Amino acid sequence: MYNSRITGLGKYLPETVVTNDDLSKMMDTNDAWIQERTGIKERRWIKQGSDDTSAIMGAKASEIAIERAGIDKDDIDFIVFATMTPDYYFPGCGVQIQDLLGLKNVGAIDIRNQCSGFIYALSVADQFIKTGMYKNVLVVGAEYHSNGLDKSTRGRGVTVIFGDGAGACIVSREEDNSKGILSTHLHSEGKYADKLIVEAPSIRHWVPEIMEAGEDDLSYFPHMDGTFVFKHAVVRFSEVIMEGLMKNGLQKDDIDMLIPHQANLRIAQFIQKKFGLSDDQVFNNIMKYGNTTAASVIIALTEAWEEGKVKEGDNVVLAAFGSGFTWGSAIIKW
Ligand code: ACO
């Protein structure tokens, strides 16, 4: 059996920086509230009129990952694209990547698992490599939230959190079984779907109904029971990290770098304390980018690697929790 290893990483963030003060001009919020509750100072939002979309940002991040992996585009055997903000209702963004990058007619799938999307996508790539079916899989996480948020005071509990961006990696066959992706762990609990949801447009609630209801219908904006999500997040993050460590005979002390989904700095700090990790052992960039959902873990991993904080031989732990509920972890020997 082969192992799989991340051989190239890339990220793309839109240029436009939106600060908390910028948001306070759109809605009744303020820098102190946002920083205290979430840790976010600013986020990137795609500028109106820009060509960027989830697929296009994903393609830009992919170009960098492919170059850093030192492979040719023709070497890519499969595409896995994670997003909750696809360019179209259908088809998914994976097929757009095939076209945008000019790849061969390889298979492409979309993963719809919100904040856990990248971990799920990485796991899918890992299985395809470990079975020997593919040698190089392109994994992308990208989100274009800003066009779908309620930018009035009504939406402030959600809108201040989300940012746009994309990350990508190449997952390649590795002959040395002692390094690479050691294991991934995936979970779901669908009974809490309505705690963090965008209900429409959907087949249950299609466009004419929304238009008829007019301003009373907010079903196409994200709805989140933040406190409820927060309480479940801290429990599930801890569980799924422990599950991954135990599976590989590792202890808390063996973690060299934990990269949690960037949902809220307070969640990351809670996990850091629970696992007794130092500031150097946990990577956070939510302060600059907000919550970029399926893109957050791969953007953070790329940035940590670019800053030299992920080194050969390190035990790297990725973990995420989000809408669904879904959660997951990946244990990597870098
Ligand atoms: N600015 C100012 N005041 C605000 C804002 C804002 N942006 N948003 C809400 N408030 C007010 C509320 O109206 C409320 O006022 P009230 O007490 O008068 O009613 C007060 O602030 C407190 O609101 P809460 O929602 O209780 O604040 P909380 O401390 O829970 O923080 C937050 C909210 C930041 C959303 C937090 O609950 C959280 O981070 N939850 C988890 C989010 C998460 O992990 N999501 C999963 C990933 S996302 C995904 O999967 C797509």
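## Exercises on loops, a ligand shell and a salt bridge

F325 is found in the loop between β12 and β13 (326–333), where strands (E, at least two residues) and helices (H or I, at least four residues) are DSSP runs numbered from the N terminus. The model is predicted, so to speak of local features requires pLDDT of at least 70 and side-chain atom pairs count only at pLDDT 80 or more, while totals for chains, interfaces and linings use all residues. Residues are numbered from 1 along each chain as its sequence is written, and side-chain values use heavy atoms, with hydrogens and water left out.

**Exercise 1.** Locate the cis peptide bonds at P201 and F325, and then find the positive phi at Q114.

*Solution.* Begin with the bond from A200 to P201, which is cis with omega near 0°; P201 itself lies in the loop between β9 (196–197) and α7 (207–213). Next, take the bond that joins G324 and F325, which is also cis, with omega about -10°. Finally, turn to Q114, which is not a glycine and yet has a positive phi of about 50°, and which sits in the loop between β5 (107–111) and α5 (117–130).

**Exercise 2.** Describe the shell around the ligand, a residue being counted if one of its heavy atoms lies within 4 Å of the ligand.

*Solution.* First, count the residues: 28 surround the ligand, and the closest are T29, R37, C115, N264 and S323. Second, sort them into 13 nonpolar, eleven polar and four charged residues, with Ala, Val, Leu, Ile, Met, Phe, Trp, Tyr, Cys and Pro taken as nonpolar, Asp, Glu, Lys and Arg as charged, and the others, Gly among them, as polar. Third, trace their origin: α2 (31–38), α6 (156–159), α8 (226–247), α9 (265–274) and β12 (315–322) each supply at least two residues, and α8 gives the largest share, four residues. Domain 1 (3–177) and domain 2 (181–333) each contribute at least three residues, the bounds coming from an automatic or database domain assignment.

Fourth, examine the pairs of N or O atoms within 3.5 Å, which count as polar contacts. A polar side-chain atom of R37 lies 2.6 Å from an oxygen atom of the ligand, a polar side-chain atom of W33 lies 3.2 Å from a ligand oxygen, and a polar backbone atom of S323 is 2.8 Å from an oxygen atom of the ligand. The ligand taken alone exposes 1,000 Å², of which the protein buries 74%, by the Shrake-Rupley method with a 1.4 Å probe.

**Exercise 3.** Which parts of the chain does the pair K11 and E306 link?

*Solution.* Start from the total of 16 salt bridges found in the whole structure, each a side-chain nitrogen of Lys or Arg within 4 Å of a carboxyl oxygen of Asp or Glu. In one of them the side chains of K11 and E306 meet at 2.8 Å, N to O. This pair links distant parts of the chain, with K11 in strand β1 (residues 3–12) and E306 in helix α11 (residues 296–306), 295 residues apart.

Conventions:
A polar contact is a pair of N or O atoms within 3.5 Å; within protein, one must be able to donate a hydrogen and the other to accept it, and residues adjacent in sequence count only if both atoms are side-chain atoms.
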